[in-house]
Amino acid sequence: MQTGLYVVGTPIGNLSDMAPRAIDVLRNVDLIAAEDTRVFGKLAAHFDIKTPRISCHEHNEREVVPELVEKLQSGMSIAAVSDAGMPGVSDPGFRLVRAAREAGIPVYVVPGPVAAISALVLSGFPTDRFTFCGFFDEKKLRDDNKIRHTIIYYESPNRIMTTIAALNRVMPERKVAIVREITKIHEETIIGYPADLLHIDPPRGEIVIVVAPAPEHKMSDTEISEIINDIAVENSTKSAAADLAKRAGISKKEAYKRMLNKGGEE
């Protein structure tokens, strides 16, 4: 192996996605820096990878990265892996890459699956512009809503329903794709407006949320009528009208009028 740091992507669920080059690199480098050596041990056993390994994760990076850079400078080849997917994408890795670059050490990439990109493709939402915001943070949601193109989040199953409720409050007009268990047996993509998704069974497993771009044009009367039929008036006509205005791209005054007319019909 050439001296340098190898950033190696590993499967996000299906072991068949392991690239032959990734196996070759991991077998032949001098050392593997793994996010969790126990997790990597299972992958190593499956692919008969016997290379020595060291733990390098978010809690010990400050101490371990300088040590790894010294080893690289001495002529060693080192591979960096996370528990799943590409290191550095909401996983440890970028600090090691940055330190290696600053030290003038060659850095190579062995591409592998990325959950965020896989979910984006599965959603069917526009891919020409998108922003990956890492793990969902409700405190930043209103600022995130200023991003008018596609947005991607990671989320845990124990918080997903709370997250959908937050999206319904702030982004009710934007469709959402909940993509779970990518590449695994129970892979599933659920798409709908947040209000629709509030009533689903809580999804389990590894979850990626993809939010569609904000509407750019005023909807037709037919489209608006369909939304009105979907909206459940839980608090008041006024609050339902506010949701309608956001989803349909019309004024709150017009939305309120349409909701009143709907109520009169009933």
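Helices (H or I, at least four residues) and strands (E, at least two) are DSSP runs, numbered from the N terminus. This is a predicted model, in which local features need pLDDT of at least 70 and side-chain atom pairs count only at pLDDT 80 or more, while totals for chains, interfaces and linings use all residues. Residues are numbered from 1 along each chain as its sequence is written, and side-chain values use heavy atoms, with hydrogens and water left out.

**Glu173 and the β8-β9 loop**

Glu173 lies in the loop between α7 (160-170) and β8. Burial is stated by relative accessible area: buried means under 20%, exposed over 50%, and partly exposed in between (1.4 Å probe, protein chains only). The value for Glu173 is 6%, so this residue is buried. Between Glu173 and Lys238 there are 16 Å in space, C-alpha to C-alpha, and the two are 65 residues apart in sequence.

The next loop considered runs between β8 (176-180) and β9 (188-192), and Glu181 is placed in it. Glu181 has a phi near 55°, a positive value in a residue other than glycine. Thr183 is also in the loop between β8 and β9, and its phi, near 75°, is likewise positive in a residue other than glycine. Most residues other than glycine have a negative phi. Glu181 is buried, because its relative accessible area is 13%, whereas Thr183 is partly exposed at 22%.

**Salt bridges**

Side chains of opposite charge can pair when their charged atoms come close. A salt bridge is counted here where a side-chain nitrogen of Lys or Arg is within 4 Å of a carboxyl oxygen of Asp or Glu. By this rule the structure has eight salt bridges. Among them are the pairs in the table.

| Pair | N to O distance | Relative accessible area |
|---|---|---|
| Lys50 and Asp48 | 3.8 Å | Lys50 70%, Asp48 45% |
| Glu188 and Arg180 | 2.8 Å | Glu188 32%, Arg180 16% |
| Lys184 and Glu181 | 3.6 Å | Lys184 31%, Glu181 13% |

In the pair with Asp48, Lys50 counts as exposed and Asp48 as partly exposed. Arg180 is buried, while its partner Glu188 is partly exposed. Glu181, the residue with the positive phi near 55°, is bridged to Lys184. Lys184 is partly exposed.

**Surface patches**

Patches are made of residues with over 30% relative accessible area and no salt bridge; like charges are joined within 9 Å, and nonpolar side chains (Val, Leu, Ile, Met, Phe, Trp, Tyr) within 5 Å. Accessible areas come from the Shrake-Rupley method with a 1.4 Å probe, and for residues only the protein chains shown count as cover. Lys and Arg count as positive and Asp and Glu as negative, with His and the chain ends not counted. The place of a charge is taken as NZ of Lys, CZ of Arg, CG of Asp or CD of Glu.

Arg142, Lys238, Lys246 and Lys252 form a positive surface patch. Lys238 in this patch is the residue whose C-alpha is 16 Å from that of Glu173. Lys252 belongs to helix α11 (residues 252-265). With a relative accessible area of 60%, Lys252 is exposed.

A patch of negative charge is made on the surface by Asp196, Glu223, Glu226 and Asp230. Helix α9 (residues 221-230) contributes the most to this negative patch, with three residues. One residue of helix α9 is Glu226, which is partly exposed at a relative accessible area of 47%.

The surface also has a nonpolar patch of about 260 Å², made by Ile117, Val121 and Phe130. Ile117 is placed in helix α5 (residues 115-123). The relative accessible area of Ile117 is 37%, so this residue counts as partly exposed.

**Cysteines**

A disulfide is a covalent bond between the sulfur atoms of two cysteines. The criterion used is a pair of cysteine sulfur atoms within 2.5 Å. Zero disulfides are found in a search of the whole structure. As for burial, Cys56 is buried at a relative accessible area of 7%, and Cys133 is partly exposed at 27%.
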